[in-house]
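Q: I'm new to this one and would like a close look at a single part of it. Please pick a part, walk me through it slowly, and show me how it fits with the rest.

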Amino acid sequence: MKKDNFAYRVFDLYYDGFRNMRLGRTLWAIILIKLFIIFAVLKVFFFPNFLKEQAKGDEAGYVATELVERAQ
């Protein structure tokens with residue numbers, strides 16, 4: 001990869017910045033824990049699979065019926 005490439009320069013900026021930080025690994029650990037909480041834990045408890053519960057196997061038919069009923 002060329003060193004004058006924009007993507008390489010951006011990557012090098014962040015890589016060099018976090019490598020030279022004393023708290024870099026700790027910050028990345030906190031970021032990863034927060035992402036896990038957001039995408040795994042919150043999804044399970046606050047965002048149930050509504051379509052699967054309502055359609056009971058016929059998701060396409062349920063969506064089609066709902067669209068037609070709402071359009072009328």
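A: Starting from the N terminus, the elements of the protein chain run α-α-α-α. That comes to four helices and zero strands, where helices (H or I, at least four residues) and strands (E, at least two) are DSSP runs numbered from the N terminus. Before we zoom in, some ground rules: this is a predicted model, in which local features need pLDDT of at least 70, side-chain atom pairs count only at pLDDT 80 or more, and totals for chains, interfaces and linings use all residues. Residues are numbered from 1 along each chain as its sequence is written, and side-chain values use heavy atoms, with hydrogens and water left out.

Let's take helix 2, then follow the chain onwards to see what surrounds it. Just ahead of helix 2 comes a loop, reached from helix 1 (6–19), and Asn20 sits in that loop. Asn20 has a relative accessible area of 57%, so it counts as exposed; the scale here is buried under 20%, exposed over 50%, and partly exposed in between (1.4 Å probe, protein chains only). From Asn20 to Ile31 is 11 residues in sequence and 18 Å in space, C-alpha to C-alpha.

Helix 2 itself covers residues 24–46. How does its span compare with what its 23 residues should give? The expected span is 1.5 Å times one less than the number of residues. That makes 33 Å for helix 2, and the end C-alpha atoms are 31 Å apart, so the two agree. Helix 2 does have a kink, though: about 30°, centred on Ile37. The bend at a residue is the angle between axes fitted to the seven residues ending there and the seven starting there.

Phe36 also belongs to helix 2. Is Phe36 buried or exposed? Its relative accessibility is 54%, so Phe36 counts as exposed. Arg9 is 27 residues from Phe36 in sequence, and their C-alpha atoms are 28 Å apart.

Further along, Lys56 lies in the loop between helix 3 and helix 4. Lys56 isn't a glycine, yet it has a positive phi of about 55°. For background, most residues other than glycine have a negative phi. Lys56 is exposed because its relative accessible area is 73%.

Then comes helix 4 (residues 59–71), where confidence is highest, at 88, while helix 3 (residues 50–55) is lowest, with a mean of 82. That confidence is pLDDT, the predictor's confidence in each residue, from 0 to 100; the whole chain averages 84, and 97% of the residues score at least 70. In helix 4, Arg70 forms a salt bridge with Glu66, the closest N and O atoms being 3.7 Å apart. The rule asks for a side-chain nitrogen of Lys or Arg within 4 Å of a carboxyl oxygen of Asp or Glu, and it gives a count of one salt bridge. Arg70 and Glu66 are four residues apart, about one turn of the helix. Arg70, at 69% relative accessibility, is exposed, whereas Glu66, at 22%, is partly exposed. Thr65 is in helix 4 too, and its C-alpha atom is 52 Å from that of Leu13, 52 residues away along the chain.

Now step back. Buried residues make up 3% of the 72 residues. The C-alpha atoms fill a box of roughly 60 × 30 × 20 Å along the principal axes. The chain's radius of gyration is 23 Å, against near 11 Å for a compact globule of 72 residues; it is taken over C-alpha atoms, and the globule rule is 2.2 Å times the number of residues to the power 0.38.
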